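Here are a few warm-up exercises to work through with the viewer open. Try each one yourself before you read the solution.

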Amino acid sequence: MKVINKKILILFFLAVCVLLGYWIWLCLRPVEIVAVHQENNYSDVLVRSFPATDKGKIIWWLENKNMLKEKYGIPKPSPDGSFVVVFWDFGDGYKETDGYDNLCFNDMKPPMNCIEKNSLLMVRNSENTGSYFVLDSGTYRMNNKGDIVKDKSD
């Protein structure tokens with residue numbers, strides 16, 4: 001009986017280690033920017049290996065916004081300072097439109113100019129509201145102390 005319990009405990013420990021290792025590997029992969037599509041003050045950024053957590057996504061933006069400005073020219077604010085940057089999961093790549101719920105880009109020739117709509121992070125800025133981050137779990141703002149706080153209305 002004791003030998004069976006030890007084997008089960010060892011298998012359980014190994015499974016936890018494998019899952020933990022996989023999670024760490026997912027978190028440490030560098031973000032790949034596949035493409036950037038720009039229209040006025042609205043930018044779509046197609047990515048692979050984006051951080052999995054809300055905090056990780058926001059921190060990635062804060063750490064990489066200067067690089068995005070230098071390398072891709074985004075965000076491109078309107079005269080009043082407002083802009084929107086949406087990060088989309090590139091998933092299976094470009095595909096033909098399904099006629100319903102794909103996101104298609106006008107700066108590419110059809111038919112292979114669409115992706116599945118799977119937004120990962122939306123960064124919005126306006127004169128009235130300042131910068132905020134929209135994710136599936138809610139909206140986050142940065143307070144005066146630099147802390148990221150979830151809106152209470154969500």
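**Exercise 1. Find the hairpins, then build the sheet around them.**

Solution. Keep in mind that this is a predicted model.

Step 1: Start with β7 and β8, which make a hairpin with two residues between them. The two strands run antiparallel and are joined by four bridges. One bridge to look up is that of Leu 135, whose partner in β8 is Gly 138.

Step 2: Go back one strand. β6 and β7 also form a hairpin, with three residues in between. They run antiparallel as well, with five bridges joining them, and Val 123 sits opposite Phe 133 in β7.

Step 3: Now look at the other partner of β6. Strand β3 (residues 83-89) pairs with β6 (residues 119-126) in the antiparallel sense, over six bridges. Here Val 85 has Val 123 as its bridge partner in β6.

Step 4: Put the pieces together. The open sheet has seven strands in the order β1-β2-β3-β6-β7-β8-β9, and its pairing is mixed. β1 (32-39) and β9 (148-150) stand at the edges with a single partner strand each, so each has one side without a neighbour in the sheet. On average, neighbouring strands are turned by 20 degrees against each other, direction ignored.

**Exercise 2. Which helix packs on this sheet, and which strands does it touch?**

Solution.

Step 1: Get the inventory. The chain has two helices and nine strands, and along the sequence they follow the pattern α-β-β-α-β-β-β-β-β-β-β.

Step 2: Pick the helix. It's α2 (residues 54-72) that packs on the sheet, touching β1, β3, β6, β7 (130-135), β8 (138-142) and β9.

Step 3: Check the angle. The direction of α2 makes about 125 degrees with that of β7.

**Exercise 3. Locate the largest nonpolar core and say which elements feed it.**

Solution.

Step 1: Recall the background: in soluble globular proteins, nonpolar side chains tend to be buried together.

Step 2: Select the core. The largest one has 18 residues, and those with the most contacts inside it are Trp 61, Val 85, Phe 87, Leu 121, Val 123 and Phe 133.

Step 3: Assign the contributors. β2 (42-48), α2, β3, β6 and β7 each supply at least two residues, and the largest share, four residues, comes from α2.

Step 4: Zoom in on Val 123. Skipping neighbours within four places in sequence, Val 123 contacts Trp 61, Phe 83, Val 84, Val 85, Phe 87, Tyr 132 and Phe 133.

Step 5: Don't stop there. A second, separate core has nine residues, including Val 86, Trp 88, Phe 90 and Phe 105.

**Exercise 4. Is Asn 113 buried or exposed?**

Solution.

Step 1: Place it. Asn 113 is in the loop between β4 (102-104) and β5 (114-116).

Step 2: Compare with the cut-off. Buried means under 20% relative accessible area; Asn 113 has 8%, so it is buried.

Step 3: List what surrounds it. Beyond four places in sequence, Asn 113 is in contact with Tyr 94, Lys 95, Leu 103, Cys 104, Phe 105 and Met 108.

**Exercise 5. Scan the backbone torsions for oddities.**

Solution.

Step 1: Set the baseline. Most residues other than glycine have a negative phi, and most peptide bonds are trans.

Step 2: Check omega. The bond from Ile 74 to Pro 75 is cis, with omega near 0 degrees, and Pro 75 lies in the loop between α2 and β3. The bond from Pro 110 to Pro 111 is cis too, with omega near 10 degrees; Pro 111 is in the loop between β4 and β5.

Step 3: Check phi. Asn 40 isn't a glycine, yet has a positive phi of about 55 degrees. You'll find Asn 40 in the loop between β1 and β2, where it counts as exposed at 63% relative accessibility. Ser 49 also has a positive phi, near 60 degrees. Ser 49 lies in the loop between β2 and α2 and is partly exposed, at 22%.

**Exercise 6. How does the radius of gyration of the chain sit against that of a compact globule?**

Solution.

Step 1: Compare. A compact globule of 154 residues would come out near 15 Å, but this chain has 20 Å.

Step 2: Look at the extents. Along its principal axes, the C-alpha trace spans about 75 × 45 × 30 Å.

Step 3: Add burial. Of the 154 residues, 30% count as buried.

Conventions: Residues numbered from 1 in each chain as written. Predicted model: local features only at pLDDT ≥ 70, side-chain atom pairs only at ≥ 80, totals over all residues. Heavy atoms only, no water. Pairing = 2+ DSSP bridges. Axes fitted to C-alpha atoms, helices over the stretch in contact; angles between N-to-C directions. Contact = heavy atoms within 4.5 Å. Core = buried A, V, L, I, M, F, W, Y, C linked by side-chain atoms within 4.5 Å. Buried < 20%, exposed > 50% of the residue type's maximum accessible area, 1.4 Å probe, protein only. Rg over C-alpha atoms; globule rule 2.2 N^0.38 Å.
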